[in-house]
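Visitor: Please give me a close look at one part of this model, the packing around a single element. Start with enough of the whole to place it.

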Amino acid sequence: MAIGIVVIIALGVGTHIFEITMKAAATQASLSRKRMVVLGAAFGGIQMLLMLLGLFVTWIIEETCEMDMVNHIYRYAAICFLFMLIVKSLFEGIHIKEFLECRAEPLSLKQWAIQAARAGIESSVVGMSITYLNPDTLYDMVCVLCISILSAIGGLWYGYWSGVKGQRVLNLSGAFMLGIAGVYMIIRQKAGI
C-alpha cells in the first residue's frame with residue numbers, strides 16, 4: 001500500500017484521538033509534561049491493541065473461512081463499518097455538543113485506559129480496513145501507533161493549555177481522511193486487488 005494512504009488513515013484516526021484527549025485535558029487542574037507523555041503513550045498503546053484486535057479478527061476469519069463468500073461479506077462489512085465511522089465523524093462535526101470546561105479530579109491510569117478502550121472502536125475498524133488494504137501490515141501498525149501516541153500527547157497538551165477549540169475542524173477533517181481511505185478501498189475492491 002502506498003505510504004500516503006497509510007498516513008491518511010492514521011491521521012483520520014489521530015484527529016479523533018486528539019479531540020478525545022483534548023477534552024480530557026481541558027478538565028484537569030494539574031497535568032505535568034511527564035504525565036502527559038505517560039497518558040498519551042497509554043492511550044495510543046490501547047488504541048494500537050484495539051487496532052491489532054481488528055487485524056486479528058480479520059486474519060482469523062480469512063484463515064478459518066475458506067469460502068470466498070464469507071470473505072467477501074466480511075470485506076464489505078469492513079467497508080460498511082468504515083463508512084459508518086465516517087458518517088459518525090461528519091455528524092459530530094456538524095452537530096457539535098457544547099463542552100463545559102470545568103476542573104475535575106485527576107484521571108487515574110485505570111480511568112484513562114477505560115476511556116481509551118471506549119474510544120477504541122474506531123481503531124478496530126481501521127485495523128479491519130488496513131488488513132484488506134495491505135497484507136504486509138507491520139509498517140502500517142507502526143505508523144498508526146506513532147500517530148496515535150503523538151495525537152494523544154498533542155491533544156493532552158493542547159487541551160490543557162488552550163481548552164477545547166476546533167472540534168468541528170477535527171471531526172470534519174477526520175471524516176474526510178477516512179472517506180479518502182474508504183473510496184480507495186472501494187476502488188481496490190472493484191479492481192479485484
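Guide: What follows goes from the whole chain to the helix contacts and then to two residues.

The model is predicted, with local features needing pLDDT of at least 70 and side-chain atom pairs pLDDT 80 or more, while totals for chains, interfaces and linings use all residues. Residues are numbered from 1 along each chain as its sequence is written, and side-chain values use heavy atoms, without hydrogens or water.

Start with the whole chain. It has seven helices and zero strands. (These are DSSP runs numbered from the N terminus: H or I for helices, at least four residues; E for strands, at least two.) The order from the N terminus is α-α-α-α-α-α-α. The radius of gyration, taken over C-alpha atoms, is 17 Å. The globule rule (2.2 Å times the number of residues to the power 0.38) gives 16 Å for 193 residues, so the chain is as compact as a globular protein of that length. Along the principal axes, the C-alpha trace spans about 55 × 30 × 25 Å.

Of the 193 residues, 46% are buried (under 20% relative accessible area; exposed is over 50%, partly exposed in between, with a 1.4 Å probe and protein chains only). Now the contacts (heavy atoms within 4.5 Å). Take those between residues at least 6 apart in sequence: 92% of them join residues at least 24 apart.

Now the part itself. Helix α6 covers residues 138–162. Two of its partners are α1 and α2.

Take α1 first. Its axis comes within 7 Å of the α6 axis, and the two cross at roughly 30°. (Axes are lines fitted to C-alpha atoms, for helices over the stretch in contact; angles run from 0 to 180 degrees between N-to-C directions.) That makes α1 roughly parallel to α6 (under 35 degrees; over 145 is roughly antiparallel, 65 to 115 roughly perpendicular, the rest oblique). The crossing is right-handed: the near helix is turned clockwise from the far one by less than a right angle, whereas anticlockwise is left-handed. The contact of α1 with α6 holds 18 nonpolar residues, seven polar and one charged. (Nonpolar: Ala, Val, Leu, Ile, Met, Phe, Trp, Tyr, Cys, Pro; charged: Asp, Glu, Lys, Arg; polar: the others, Gly among them.)

Next, α2, residues 33–64. The axes of α2 and α6 come within 8 Å and cross at roughly 145°. This crossing is right-handed. Its contact has 20 nonpolar, five polar and no charged residues.

Zoom in on Ser148, in α6. Ser148 is buried, at 2% relative accessibility. Beyond four places in sequence, Ser148 touches Ile17, Gly44 and Gln47. Of these, Ile17 falls within α1, residues 3–26, and Gly44 and Gln47 within α2, residues 33–64.

Now Gly40, in α2. Gly40 is buried too, with a relative accessible area of 0%. Its C-alpha atom is 5.6 Å from that of Ile149, though 109 residues separate Gly40 and Ile149 along the chain. Setting aside neighbours within four places, Gly40 contacts Trp112, Ile149, Ala152, Ile153 and Leu156.

Trp112 leads on to α4, residues 109–119. Helix α4 packs on α1 at about 145°, with the axes 11 Å apart. The crossing is again right-handed. From α1 come His16, Ile20, Thr21 and Ala24; from α4 come Trp112, Gln115 and Ala119. By class, that is four nonpolar, three polar and no charged.
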